[in-house]
Structure formats: structure tokens, C-alpha cells
Amino acid sequence: QVRLVESGGGLVQPGGSLRLSCAASGSMFSILVMGWYRQAPGQQRELVAQISNGGGTTNYLDSVKGRFTISRDNAKKEVYLQMDSLKPEDTAVYYCNKVPLGPWGQGTQVTVSS
């Protein structure tokens with residue numbers, strides 16, 4: 001069972017940047033495909049970015065391509081989401097999880113507002 005703890009969210013102005021981190025427990029992390037998901041108020045949770053177990057393959061939601069970068073450090077059992085050129089529509093609670101899904105962590109709130 002993988003336990004996940006997200007951090008790094010906050011309030012940022014449009015055009016700003018944030019870096020989210022996800023710390024995982026368990027011995028299976030290095031073989032897992034991992035993803036960052038987000039859920040805005042009144043919306044369904046959506047997959048924003050995913051990364052292969054070795055980190056060589058990444059995929060992104062169209063609306064974040066060119067602005068967000070997912071990466072991982074298997075030695076530290078961590079996944080990251082670098083978010084640049086943030087927009088108000090990026091406001092959401094962000095979660096990391098494996099693909100396919102496991103138990104959810106508490107998420108981290110990202111608010112983009114002037």
C-alpha cells in the first residue's frame with residue numbers, strides 16, 4: 001500500500017509559479033506510474049499529468065501543456081509538479097496518485113488570484 005503526502009500549494013498571482021511535491025511511502029514506488037490530479041470546486045477530479053515509472057515518458061492535459069512539468073526522484077520516493085504561467089483556471093486542490101488509482105492523500109490547495 002502506497003501512502004501519499006502532497007505539499008507545496010499556496011496562493012499565487014496569475015503568471016506566477018509553484019512547485020508541488022508528493023512524498024510516497026512503500027517499497028513499490030519505483031515501479032509505479034504516477035500522476036498529478038486536480039479537482040476544482042464543483043468539478044470532477046481530472047488527471048493533469050502522468051509520468052512513467054522510470055521518468056522517461058510524460059503526458060499532460062492539453063490545457064497545461066507547455067506550462068506544467070512532472071518529474072520524479074525514485075531514490076527519494078517523490079513526485080513533483082512544476083507549474084509555471086499559472087492561470088486562475090488552475091485553481092484547485094491538487095493530488096498525486098498512482099495509475100491506476102489507489103487511496104487518495106489529503107491534497108494541496110492551489111489558488112491563482114490577483
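**Entry 1: the Arg67 pair**

I began with Arg67 and found its side chain in a salt bridge with that of Asp90, at 2.8 Å from N to O. Arg67 sits in the loop between strand S6 (58–60) and S7, and Asp90 in the loop between S8 and S9, so this pair ties together parts 23 residues apart in sequence. I looked up burial next: Arg67 is buried, and Asp90 is buried too. I note here that the model is predicted.

**Entry 2: Asp90 again**

Which other side chain does Asp90 meet in a salt bridge? I found Arg38, with 3.0 Å from N to O. This pair links distant parts of the chain. Asp90 is in the loop between S8 and S9, Arg38 is in strand S4, and 52 residues separate them. Is Arg38 buried or exposed? Arg38 has a relative accessible area of 6%, which is under the 20% limit, so I list Arg38 as buried.

**Entry 3: Glu46 and the network**

I then followed Arg38 to Glu46. These two form a salt bridge, and their closest N and O atoms are 2.9 Å apart. Glu46 has 30% relative accessibility; that falls between the 20% and 50% limits, so Glu46 counts as partly exposed. Shared partners join the salt bridges of Arg38, Glu46, Arg67 and Asp90 into one network. My search of the whole structure gave four salt bridges.

**Entry 4: Gln44**

I checked the loop between S4 and S5, where Gln44 has its place. Leaving out residues up to four places away in sequence, Gln44 touches Arg38 and Gln39. Is Gln44 buried or exposed? Its relative accessible area is 72%, over the 50% limit, so Gln44 is exposed.

**Entry 5: the nonpolar core**

I turned to the largest nonpolar core, which holds 26 residues. Which members touch the most other members? They are Trp36, Phe68, Leu81, Met83 and Tyr94. At least two core residues come from each of these strands: S3 (18–24), S4 (33–39), S5 (46–51), S7 (68–73), S8 (78–83), S9 (92–99) and S10 (108–112). S3 gives the largest share, four residues.

**Entry 6: Met83**

I closed with the contacts of Met83, setting aside neighbours within four places in sequence. Met83 is in contact with Gly16, Ser17, Leu18 and Leu20. The list also includes Arg67, Phe68, Tyr94 and Val110. Arg67 brings me back to my starting point, the salt bridge with Asp90.

Methods
Residues are numbered from 1 along each chain as its sequence is written. This is a predicted model: local features need pLDDT of at least 70, side-chain atom pairs count only at pLDDT 80 or more; totals for chains, interfaces and linings use all residues. Side-chain values use heavy atoms; hydrogens and water are left out. A nonpolar core is a set of buried Ala, Val, Leu, Ile, Met, Phe, Trp, Tyr and Cys residues joined through side-chain atoms within 4.5 Å. Buried means under 20% relative accessible area, exposed over 50%, partly exposed in between (1.4 Å probe, protein chains only). Contact means heavy atoms within 4.5 Å.
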